[in-house]
Amino acid sequence: MEREQEPRLTFLDTHILIWLCTEKRRQLPHAAREAIESGWLAISPMVELELEFLHEIGRIKQGASAILNALATLPLHIDPTPFASITRAAATQTWTRDPFDRLIVGQTIAAGGCLITADERIQHHFPKAIWA
């Protein structure tokens, strides 16, 4: 009897949440769509904070709670990995000075997941990035 494979822990980068709420969701490549459809979806609390920052500076029209409410049909949870584990993993990501990127990637590493992102720099430096 073939054992059913458990869904993998799949984190969504900030811009992916934004895209899922807009017409840009159609631009997601097959690998990203497949990972969303088959993964156990999570976000870092840093994604929530980044969404609020983007809203405050006028880059997006809605804040984090509105975006997360719009995605309520997705099986999405906020990952509870301890912050100390996240910061230890984030400290190893010396390829960027962006605290959001470092902590989102650090959370993905600490939790043992993969990350859906269109960010080419993250894709280049993080082997568990999923895009195309």
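Helix angles under 35 degrees count as roughly parallel, over 145 as roughly antiparallel, 65 to 115 as roughly perpendicular and the rest as oblique. This is a predicted model, in which local features need pLDDT of at least 70, side-chain atom pairs count only at pLDDT 80 or more, and totals for chains, interfaces and linings use all residues. Residues are numbered from 1 along each chain as its sequence is written, and side-chain values use heavy atoms, with hydrogens and water left out.

Start with α3 and α6. Helices here are DSSP runs (H or I, at least four residues), numbered from the N terminus. α3 spans 45–56, and α6 covers residues 99–111. Their axes come within 9 Å and cross at roughly 155°. Axes are lines fitted to C-alpha atoms, for helices over the stretch in contact, and angles run from 0 to 180 degrees between N-to-C directions. α3 and α6 are therefore roughly antiparallel to each other. Their crossing is left-handed (the near helix is turned anticlockwise from the far one by less than a right angle; clockwise is right-handed).

Which residues of α3 meet α6? They are P45, M46, V47, L49, E50 and F53, and they meet F100, L103, I104 and Q107 (contact means heavy atoms within 4.5 Å). This contact divides into eight nonpolar, one polar and one charged residues. Ala, Val, Leu, Ile, Met, Phe, Trp, Tyr, Cys and Pro count as nonpolar, Asp, Glu, Lys and Arg as charged, and the others, Gly among them, as polar.

Now turn to α5, residues 83–91. The axes of α5 and α6 come within 7 Å and cross at roughly 115°. That makes α5 roughly perpendicular to α6. The crossing is right-handed. L103 and Q107 of α6 are among the residues that meet α5.

Last comes the largest pocket, an open set of points on a 1 Å grid where a 1.4 Å probe fits, with protein on both sides within 12 Å along at least five of seven lines. Its lining residues have an atom within 4 Å of a point. They include W19, E50 and D119. α1 (14–20) supplies the largest share, four residues. The lining divides into four nonpolar, two polar and six charged residues.

Definitions and conventions. Helices (H or I, at least four residues) and strands (E, at least two) are DSSP runs, numbered from the N terminus.
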